[in-house]
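Take a look at the model below. This report walks through its overall form, a few backbone details and one helix pairing.

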Amino acid sequence: MGTIWFCLVALMIAIYVLLDGFDLGAGAIHLLVAKTDTERRQVLASIGPVWDGNEVWLLAAGGTLYFAFPALYASGFSGFYLPLMMVLWLLILRGSSIEFRNHIKSAVWRPLWDFLFSASSLLLAVFLGAALANVVRGVPLDSSGYFFEPLWTDFRLGEETGILDWYTILVGVLTLLALMMHGALWVQLKTRGPVNERARNFCWRVWWGVVALTAIVTGASFQVQPQIKENFVTWPFGIVLPLLAVTGLAGVAVELGKRAERRAFFASCLYLVGMLTSVVFGVYPMVLPARNPLYSLTVDGAKAGAYGLKVGIIWWSAGMILAAGYFTFVYRSFAGKVEVDPDSNGHD
Amino acid sequence: MNEALSVHRLHFAFTVTFHYIFPQLTMGLALLLVYLKTKALRTGDEHWNRAARFWARIFGINFALGVVTGIPMEFQFGTNWAVFSKTAGGVIGQTLAMEGVFSFFLESSFLGLFLFGEKKLGRIGHWWAAFFVWLGSWLSGFFIVATDAWMQHPVGYRLGPNGEIELASFWGLLLNKWALWQYVHTMLGAVQTGCFVMAAVGAFYLLTSRHEAYGRTFVRSGVLVGVVAAVLQLFPSGDAQGKMIAQNQPTTLAAMEGLFSTQDGAPLAILGQPDVKKRMLDNPLVVPNMLSFLTYRKWKANVRGLEAFPENEWPDQIALLYFSYHVMVGLGTIFIAVLVVAAFMLWMGKLYKSRWMLWVLMLSVPLPYIANTAGWMTAELGRQPWLIYGLMRTAQGVSPRVGAGNAWFTLIGFMGMYSVLAMLWLLLVYREIEQGPGPDDEESREIVGVAVAAD
């Protein structure tokens, strides 16, 4: 039962990354691909009706993690206290920017919110990547089952680690580039004209960076977390997961060359899913590895009582079927390229 | 009390109090929006649709702020209250996860369609969008109240081998008697905020002679729905809530009422400041025997005062608890008076011309916010010193590794950020009210999500 919930939470996080990933990425490249007010409204319109729903996957995944693995939620959230609070501030800033921007048409109001929207999206991508890297690297858990990490210590992988060290920064940057690529592919898919062209050109440039960093981070991860190699040796079929990522990344280049916008976006989805599932596969059965392996939190050590997990399966499945229905409906009503009237002032 | 514990408590109290400014309005307005859309559907009169569009814009601003300030609440259980989360997560994680899965997906999907999709969805489709937004927000309220109710009155659990609290009965958790009454009380409070805001905007338009047709609609809708909610809030809702506290949290009842000594025929304190050291009320103004009657329906019934309980089980903020409760009840009484008079004048056909009554309605707008906040303070301060009543003390639940320094750092950060949000909120809502629901505003509406409409 614990392993089932481990997979379900991983699934929800993967959906979160695919969906909110493109709107975070679109935010990070907002100022680069859109110059005029009309162009910026095009980028915002491409994520407008869906970004909020996408973000709900983070909350739903968090809630599910909470009831299925209370010990992990408690230990992880209090240990990552500082970066999580900053993620919250960035989420507040980002949500407010999207909501407030169009209310007032002014040469000081809109550029300010555009900048804050872009900066908060960019930093969120880096922070989420660094958080994932902390889980891979392991945290200074001790026998109490708790830990606390300052933002940084000496940037090395010693016993007293901070949130940021060379490895987690590296993964943060990779995450930013990968989500920028993902976001650019989404913007390309949803827009026409100069924004579409710029997004496409940006994709080409960032693709090389993603390839290079993916190779470096993969190598580093095997060094940093020995469990990954162990798992791939024990269950060799796991190799399909990194292969998915490689296929996806190659697919992005191929489809981009053919100007197949929709297929290029889905190739990027494949890449992200491949990367995430590789990580999850690599650390299982740990849910939060410790720097000292003795104190690592495992699926069995962190899971909730059996009755709660069983009841949860029933309502969770029902809820997910409903959610899939809403999302299909919303994305369908929103299909096709966005149209923004350049003459309208965009005030709501 | 150690410093870190105080800061963590203040951290949660501050962020949740600020957050609840927004949902109390959106939950109340969601109901009123369904009312306006129903009227539009039934009468076919565009007036109601324009009124609904106006309130949808104000709803949108408040909803967005409710979302962004709500996310920190779910995180803080883990970040600041880790031991509590680890111990009780198997139970309250259920309701919190259900909120995400059943209400947030519903709300976020249909809110976009409701705000941007009126043309595309058509009349009936748009009514359903409003309905689902209402349903989502009221479900969300239920899951949160059920979570708090379990902390007030834990049921449906068993203790696991390592002291963790496990879920033993799913329906026991959801149908907790405490949750049902607390939910009714909370939602009636939210409806009153929605009604007072709507009536106040209407009164503002009538007093300034602008958008007068809408002004009348808003005043009438706010007063009529509001008077029903205000009366039900007293009885049966408030009455049942009080009896539940008397039965299950007698220490809390004594502290709320400022009753220090056990007595037959206990008085109800209307005014007076508790002096906890001397165990008495200063300059008390009381109604003799009233507390006994309200609690047990007998004038001479025995009510236990604080002295009947060990001091380490007393709430730690007795004076603040006493005032929160009295402010809530006092304002609730004023709401009934104001709304009953307003409804009577409406019936006599005099309300729209009565400037003094319109002034009263307009100036009342902060009061329901204060009453709702005071009500939650009564519930949460009243539960102290327990985090889970009878099972876990607040001091035991805090994150062991997050010190006062880091907690102050993030609390100050939230205070700064929320001050800015509060100013933006007032600015943007005031602009919408200034602009008003003018008759020619259904064109030229173009927001981020225009594609839904244009598609």
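Among contacts in chain B between residues at least 6 apart in sequence, what percentage join residues at least 24 apart? The figure is 75%. Keep in mind that the model is predicted.

**Chain B as a whole**

Chain B holds 15 helices and 8 strands. Its C-alpha atoms fill a box of roughly 65 × 50 × 40 Å along the principal axes. For 455 residues, a compact globule would have a radius of gyration near 23 Å. Chain B has 23 Å, so the two agree. Of the 455 residues in chain B, 54% are buried.

**Backbone details in chain B**

Two peptide bonds deserve a look. Both entries in this table are cis peptide bonds that lead into a proline.

| Cis peptide bond | Omega | Place of the proline |
|---|---|---|
| B:Phe235 to B:Pro236 | about 5° | helix 7 (residues 212–248) of chain B |
| B:Gln384 to B:Pro385 | near 5° | loop between helix 12 (366–383) and strand 7 (386–388) of chain B |

Next come two positive phi values. B:Asn289 is not a glycine, yet its phi is near 65°. B:Asn289 sits in the loop between strand 5 (280–287) and helix 9 (290–296) of chain B. B:Arg297 is not a glycine either, and its phi is about 60°. B:Arg297 lies in the loop between helix 9 and strand 6 (302–303) of chain B.

Are these residues buried or exposed? B:Asn289 has 18 other C-beta atoms within 10 Å, so it counts as partly exposed. B:Arg297 has 9 other C-beta atoms within 10 Å, so it counts as exposed.

**A helix pair between chains A and B**

Two packed helices are described by the angle and the distance between their axes. Here the pair is helix 14 (residues 306–333) of chain A and helix 3 (residues 82–116) of chain B. Their axes come within 9 Å and cross at roughly 10°. Angles under 35 degrees count as roughly parallel. Helix 14 of chain A and helix 3 of chain B are therefore roughly parallel to each other.

Which residues make the contact? From helix 14 of chain A they include A:Gly312, A:Trp315, A:Trp316 and A:Phe327. From helix 3 of chain B they include B:Gly90, B:Met98, B:Phe102 and B:Leu113. The residues of this contact divide into 13 nonpolar, 8 polar and no charged.

Notes: Residues are numbered from 1 along each chain as its sequence is written. Chains are lettered from A and ligands numbered from 1 in the order in which they are written. This is a predicted model: local features need pLDDT of at least 70, side-chain atom pairs count only at pLDDT 80 or more; totals for chains, interfaces and linings use all residues. Helices (H or I, at least four residues) and strands (E, at least two) are DSSP runs, numbered from the N terminus. A residue is buried if 20 or more other C-beta atoms lie within 10 Å of its own, exposed if 12 or fewer, and partly exposed in between; C-beta atoms are placed from the backbone. The radius of gyration is taken over C-alpha atoms; the globule rule is 2.2 Å times the number of residues to the power 0.38. Two residues are in contact if their C-beta atoms, placed from the backbone, lie within 7 Å. Axes are lines fitted to C-alpha atoms, for helices over the stretch in contact, and angles run from 0 to 180 degrees between N-to-C directions. Angles under 35 degrees count as roughly parallel, over 145 as roughly antiparallel, 65 to 115 as roughly perpendicular and the rest as oblique. Ala, Val, Leu, Ile, Met, Phe, Trp, Tyr, Cys and Pro count as nonpolar, Asp, Glu, Lys and Arg as charged, and the others, Gly among them, as polar.
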